[in-house]
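This report looks at how side chains pair and pack in one protein model. Charged pairs come up, then aromatic rings, then a helix face and a loop residue.

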Amino acid sequence: QIQFEFLMELNQSYPEAVVDRFENYMEFCIDDRIALLYFNALNRAGAGAGSGDRSGLKAFNLNSFIKRINAPNSMIDPLKMQSLIELHGSSGTSGGKINKTVMATKA
């Protein structure tokens with residue numbers, strides 16, 4: 001709860017920090033709400049001025065995301081994790097990239 005509240009506040013002004021914290025600090029606990037907040041922060045970070053091609057949702061990597069939500073301190077619903085793993089297996093894409101439409105229709 002405290003982690004989520006902190007990240008919500010941080011996301012208001014520094015979405016890049018939320019993305020960095022989610023992707024690089026595996027010791028922090030995550031849950032479904034934090035995973036959704038991560039996507040919001042990715043979107044907001046990519047919408048900023050001067051964003052390059054590798055920022056925001058364009059930089060999303062499904063392999064890395066699955067690895068992160070499978071970390072020991074993850075409290076993501078196991079059924080949701082299984083759905084993502086199945087989605088990843090059936091995506092047929094290289095490098096963990098997946099079409100947003102495919103992701104939305106399968107999840």
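The paragraphs below describe side-chain pairing and burial in this structure, which is a predicted model.

**Salt bridges**

Side chains of opposite charge can pair when their charged atoms come close. The structure contains two salt bridges, and they are set out in the table with their N to O distances.

| Salt bridge | N to O distance |
|---|---|
| Asp31 and Arg33 | 2.9 Å |
| Lys80 and Asp32 | 3.5 Å |

Lys80 belongs to helix α5 (residues 78–91) and Asp32 to helix α3 (residues 32–46), so this pair ties together parts that are 48 residues apart in sequence. Lys80 is partly exposed, at 45% relative accessibility, and Asp32 is likewise partly exposed, with a relative accessible area of 26%. In the other salt bridge, Asp31 has a relative accessible area of 13%, and because buried means under 20%, Asp31 counts as buried; Arg33, at 30% relative accessibility, is partly exposed. Arg33 has a further partner besides the carboxylate, since the residue also lies over the face of Phe4, at 4.4 Å from the ring centre.

**Aromatic pairs**

A pair of aromatic rings is described by the distance of the centres and the angle of the planes. The count of aromatic pairs in this model comes to eight. One of them joins Phe22 and Tyr38, whose ring centres are 4.0 Å apart and whose planes meet at 20°, so the pair is stacked. This pair links distant parts of the chain, with Phe22 in helix α2 (residues 15–24) and Tyr38 in helix α3, 16 residues apart. Phe22 is buried at 4% relative accessibility, and Tyr38 is buried with a relative accessible area of 4%.

Another pair is formed by Phe39 and Phe60, with ring centres 5.2 Å apart and planes at 55°, so this pair is tilted. Phe39 lies in helix α3 and Phe60 in the loop between α3 and α4 (62–69), so the two rings tie together parts that are 21 residues apart in sequence. Phe60 is buried at 7% relative accessibility, whereas Phe39, with a relative accessible area of 22%, is partly exposed. One aromatic cluster brings together Phe22, Tyr38, Phe39, Phe60 and Phe65. A charged side chain also meets this cluster at Phe22, where Arg68 lies over the face of the ring, at 5.3 Å from the ring centre.

**The buried face of α2**

Phe22 is also part of the buried set of α2, which consists of Pro15, Val18, Val19, Arg21 and Phe22. Seen down the axis of α2, these buried residues fall within an arc of 165°, so they line one face of the helix. An α-helix has 3.6 residues a turn, so residues three or four places apart point the same way. The elements against which the buried residues of α2 pack are α1 (2–13), α3 and α4.

**A buried loop residue**

Ser74 is found in the loop between α4 and α5. Is Ser74 buried or exposed? With a relative accessible area of 16%, Ser74 is buried. Leaving aside residues up to four places away in sequence, Ser74 touches Ile30, Arg68 and Ile69. Arg68 thus appears in two settings, as a contact of Ser74 and as the charge over the face of Phe22.

Conventions:
Residues are numbered from 1 along each chain as its sequence is written. This is a predicted model: local features need pLDDT of at least 70, side-chain atom pairs count only at pLDDT 80 or more; totals for chains, interfaces and linings use all residues. Side-chain values use heavy atoms; hydrogens and water are left out. A salt bridge is a side-chain nitrogen of Lys or Arg within 4 Å of a carboxyl oxygen of Asp or Glu. Buried means under 20% relative accessible area, exposed over 50%, partly exposed in between (1.4 Å probe, protein chains only). Helices (H or I, at least four residues) and strands (E, at least two) are DSSP runs, numbered from the N terminus. Rings of Phe, Tyr and Trp (its six-membered ring) pair if their centres lie within 6.5 Å; planes under 30 degrees apart count as stacked, over 60 as edge-to-face and the rest as tilted. A charge sits over a ring if NZ of Lys or CZ of Arg is within 6 Å of the ring centre and within 35 degrees of the ring normal. The arc is that of the directions from the helix axis to the C-beta atoms. Contact means heavy atoms within 4.5 Å.
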